[in-house]
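Here are my notes on the model you sent over. I've kept them as numbered points so you can follow along with the structure open.

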Amino acid sequence: HIPCVGLLARLHHETVMCIAEDATSAADFRSSYQRGRLMPLTKGATSTVILAQLSGRKLGKLLKTVAEDTQPLGATAEEFRDNLARIRKNGFCISRGEIDAGLVGIAAPIVAPDLGIMASLSLVLSADGLTDAVERRITLLTVSSAALVSEQLRRHNR
């Protein structure tokens, strides 16, 4: 078993809100993403993967309303948008220490446009001892799990 914290978060106005969290019994750390807590839109995998799913118009509007804090993804607006496009294409985002020092966030989008849902499924792990192989495996599991949730939401809406 790999110690981790699982998060479900959604877009909430100009922030991201954690709506559910759970930790494995072996997790001896906490994530700053806690249920009901509003988090920055432009930092951390949990938030950034949601931001990457937004349309150009909505993204532009949101970015105008938040602070110009794009350092985690690039120093310029063009680099920031390029990084979001890469995340959207890859279908996941990984951040290292952007929210909590020593922790790695791996997130995939949950998207159900017909329901107005822009959310993410994330796993937060300790960077200590995290191998490339484990990171790849966790990323694949997170992406496939988020895709299953998205599909179930779409089916439920039919």
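1. Which residue stands opposite alanine 112 in β6? That place is taken by isoleucine 117. The two strands involved, β5 (residues 103-112) and β6, pair in the antiparallel sense, with ten bridges between them.

2. Before going further, keep in mind that this is a predicted model. Mean pLDDT for the protein chain comes out at 87, with 91% of the residues at 70 or more. Among the elements, β4 has the highest mean pLDDT, 96, while helix α2 (residues 56-65) has the lowest, 72. Go carefully with residues 69-73: pLDDT stays under 50 there, though the model does have 13 contacts beyond four places in sequence for that stretch.

3. Now the sheet as a whole. It is an open one built from six strands, and reading across you get β3-β2-β1-β6-β5-β4, with antiparallel pairing. β3 and β4 (93-96) are the edge strands; each has a single partner, so one side of each has no neighbour in the sheet.

4. β1 is a good strand to look at up close. β1 (residues 4-12) pairs with β6 (residues 117-126) over seven bridges, in the antiparallel sense, and with β2 (residues 15-23) over eight, again antiparallel. Glycine 6 lets you see both pairings: opposite this glycine you find leucine 123 in β6 and aspartate 22 in β2.

5. The connection from β1 to β2 is a hairpin, with two residues between the strands. Histidine 13 sits in that turn and has a positive phi of about 60 degrees. Another positive phi turns up at glycine 91, just after α3, at about 85 degrees.

6. Helix α3 (residues 77-90) passes a simple length check. Its 14 residues, at 1.5 Å a residue, should span 20 Å, and the end C-alpha atoms are indeed 20 Å apart, so the two agree. Its buried residues are Phe80, Asn83, Leu84 and Ile87. These cover an arc of only 100 degrees around the axis, which means they lie on the same side of α3. Glu78 and Lys89 are exposed on the other side of the helix.

7. Next, α4 (residues 132-157), which is where you'll find glutamate 135. This helix lies across β4, β5 and β6, and runs at about 25 degrees to β5. Is glutamate 135 buried or exposed? Its relative accessibility is 12%, under the 20% cut-off, so glutamate 135 counts as buried. Leaving aside neighbours within four places in sequence, this glutamate is in contact with Ile94, Arg96, Ile106 and Leu130.

8. Compare that with arginine 30, in the loop between β2 and β3 (38-39). Arginine 30 counts as exposed because its relative accessibility is 55%, and the cut-off for exposed is over 50%. It still has contacts beyond its neighbours within four places in sequence, namely Glu21, Asp100 and Leu103. As for aspartate 128, arginine 30 is 98 residues from it in sequence, with 14 Å between the two C-alpha atoms.

Key. Residues are numbered from 1 along each chain as its sequence is written. This is a predicted model: local features need pLDDT of at least 70, side-chain atom pairs count only at pLDDT 80 or more; totals for chains, interfaces and linings use all residues. Side-chain values use heavy atoms; hydrogens and water are left out. Two strands pair if DSSP finds at least two bridges between them. Helices (H or I, at least four residues) and strands (E, at least two) are DSSP runs, numbered from the N terminus. Buried means under 20% relative accessible area, exposed over 50%, partly exposed in between (1.4 Å probe, protein chains only). Contact means heavy atoms within 4.5 Å. Axes are lines fitted to C-alpha atoms, for helices over the stretch in contact, and angles run from 0 to 180 degrees between N-to-C directions. The expected span of a helix is 1.5 Å times one less than its number of residues. The arc is that of the directions from the helix axis to the C-beta atoms. pLDDT is the predictor's confidence in each residue, from 0 to 100.
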